[in-house]
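Welcome! Here is a short, friendly tour of a protein model, taken one topic at a time. Have a look at the structure first, then read on.

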Amino acid sequence: MPTIKRLFIANRGEIAVRIIRTARALGIETVLGVSQADRDSLGARLATRAVVLGPAPSRESYLRVGTVIEAAKGTGCDAIHPGYGFLSENRELAQACAEEGLIFIGPSPDNLSAVGDKLTARTHALAAGVPVVPGGTVKTAEDASALAETIGFPLLIKAVAGGGGKGMKRVDDAAALPAQLDLAMAEAEAAFADARVYLERFVTVGRHVEVQILADGTTILHAGERDCSVQRRYQKVVEEAPAPDLPDALRQGLLEAAVRYARHIGYRSLGTVEFLVDVPRGEFYFLEMNARVQVEHPVTEAITGLDLIALQIAIAEGKPLPLTQDDIRLSGHALECRLNAEDPARDFMPSPGRVTQAWFPPVPGLRVDTHMQPGAMIPPYYDSMVAKLITWGATRDEAIARMLTALDVCVLEGVTTNAPLHRAILSDPAFRAGGVDTNFLGALLPTLGGRS
């Protein structure tokens with residue numbers, strides 16, 4: 001059974017810092033691959049060693065599989081942790097690790113193939129007896145029109161290889177379908193070099209609920225669910241666990257379906273099975289499986305006491321899970337607010353620049369995952385998230401109260417952030433009541449003077 005002694009981290013920002021801290025606790029040396037823009041980052045300072053992968057643009061540094069492999073081997077690393085985003089679900093990287101004798105901290109290439117293509121993932125869901133949103137693939141406007149008659153309007157056009165809202169279009173009537181189909185296919189081709197799309201019924205009142213999976217190749221466990229329904233343009237803003245105001249039977253159905261799906265594809269590693277809950281119908285549908293650690297994994301850690309990164313590393317080393325389903329006990333409630341360097345008042349325009357002050361004072365029940373420090377530079381090349389504020393409380397109300405306190409006392413100066421938006425969300429009566437759907441933030445923003 002291999003033991004990881006030196007770990008190459010192929011990522012940046014807060015997740016790089018997060019991985020470094022767990023690796024250090026496990027006695028593992030770390031090498032961080034950075035772009036030239038991140039040479040002086042907190043992650044580069046915390047890692048045992050940092051090496052430059054290339055220029056600032058991601059395609060010339062963080063997304064170069066060959067460069068990452070060469071850097072990991074050249075620094076004597078045993079394994080590569082890809083974090084989330086970038087190459088985290090890249091089959092080519094996982095395969096290259098296998099060929100070069102490196103441990104990939106993630107699932108197998110076959111697992112990545114099974115879930116990386118949304119149509120293939122959907123096929124596996126059907127085979128596993130997991131419900132999917134009514135829909136199917138289309139190649140032409142004629143195909144789309146025929147399928148639309150079956151599933152009805154409104155509907156969504158989605159990119160097969162996509163994510164993050166790219167190549168995704170809502171269509172409300174038959175007249176708009178041909179033009180929106182062309183736009184979606186063009187966006188998909190530009191973003192993913194894959195123009196394939198499919199149609200799905202649009203659930204008018206839906207919640208985004210996901211289940212955390214732990215799998216060692218034999219045992220498959222879940223660590224509860226998270227609600228990620230507070231979204232803007234399909235990008236998550238606030239997450240919480242457990243999902244509030246969810247009927248017990250529906251919750252249990254989601255958990256069992258996620259485990260069933262992971263078992264069907266022979267999954268091994270951390271993973272998250274995402275579902276759309278159709279509120280009026282009281283039903284849920286499989287959306288996708290993310291074969292990596294999620295941005296929002298800390299809320300699960302907060303209510304379970306688990307270190308998911310440590311478990312992910314242990315699974316990659318070939319160790320069996322050291323716990324059973326009964327050992328995973330959920331306690332209290334947790335929230336996560338994604339603090340982004342952006343200006344909600346200016347249509348969420350990114351706000352790169354130098355941080356003049358970064359202060360995250362201790363607050364009961366608060367955890368801060370960040371790579372920010374005074375003098376840190378937020379470059380314009382990457383995602384705008386600069387910190388994650390996570391609060392835990394014995395009750396949901398207590399977790400919300402602690403988050404509002406954290407938003408008041410935590411300081412990040414020199415750039416504009418979306419902290420005021422988070423205060424507005426957490427203070428809204430509908431959010432406080434629990435169980436908002438994915439339309440919530442789009443409806444709230446215009447009342448705050450912003451665009452949905």
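In this predicted model, helices α1 and α11 are roughly perpendicular to each other, because their packing angle of about 70° falls in the 65 to 115 degree range that counts as such. Their axes are 9 Å apart, and the crossing is right-handed.

**Where α1 meets α11**
- On the α1 side, R18, I19 and T22 make the contact, and on the α11 side the residues are L308, I309 and A310.
- Sorted by class, the residues of this contact are four nonpolar, one polar and one charged.
- To find the two helices in the sequence, look at residues 13-25 for α1 and residues 308-316 for α11.

**The sheet beside α1**
- Helix α1 also lies across three strands, β1, β2 and β4.
- Relative to β1, the helix runs at about 175°.
- These strands belong to an open sheet of five strands, with the order β3-β2-β1-β4-β5 and parallel pairing.
- Which strands stand at the edges? They are β3 (49-54) and β5 (103-104), and each has a single partner strand, so one side of each is left without a neighbour in the sheet.
- Strands of a sheet pair through backbone hydrogen bonds, and they can do this in a parallel or an antiparallel way.
- Strand β1 (residues 6-9) and strand β2 (residues 29-35) run parallel and are joined by four bridges.
- If you would like to trace a bridge yourself, start at I9, whose bridge partner in β2 is L32.

**Another helix pair: α12 and α13**
- Helix α12 covers residues 396-409 and helix α13 covers residues 419-427.
- The two pack at an angle of about 155°, with their axes 10 Å apart.
- Angles over 145 degrees count as roughly antiparallel, so α12 is roughly antiparallel to α13.
- The crossing of α12 and α13 is left-handed.
- From α12 the contact uses I400, M403, L404, L407 and D408, while α13 brings A419, H422, R423, L426 and S427.
- By class, the residues of the α12 and α13 contact divide into six nonpolar, two polar and two charged.

**The whole protein**
- Its secondary structure comes to 15 helices and 23 strands.
- The C-alpha trace spans about 60 × 50 × 45 Å along the principal axes.
- How does the radius of gyration fit with a compact globule? For 452 residues such a globule would have a value near 22 Å, and the protein has 21 Å, so the two agree.

Notes:
Residues are numbered from 1 along each chain as its sequence is written. This is a predicted model: local features need pLDDT of at least 70, side-chain atom pairs count only at pLDDT 80 or more; totals for chains, interfaces and linings use all residues. Side-chain values use heavy atoms; hydrogens and water are left out. Two strands pair if DSSP finds at least two bridges between them. Contact means heavy atoms within 4.5 Å. Axes are lines fitted to C-alpha atoms, for helices over the stretch in contact, and angles run from 0 to 180 degrees between N-to-C directions. Angles under 35 degrees count as roughly parallel, over 145 as roughly antiparallel, 65 to 115 as roughly perpendicular and the rest as oblique. A crossing is left-handed if the near helix is turned anticlockwise from the far one by less than a right angle, and right-handed if clockwise. Ala, Val, Leu, Ile, Met, Phe, Trp, Tyr, Cys and Pro count as nonpolar, Asp, Glu, Lys and Arg as charged, and the others, Gly among them, as polar. The radius of gyration is taken over C-alpha atoms; the globule rule is 2.2 Å times the number of residues to the power 0.38.
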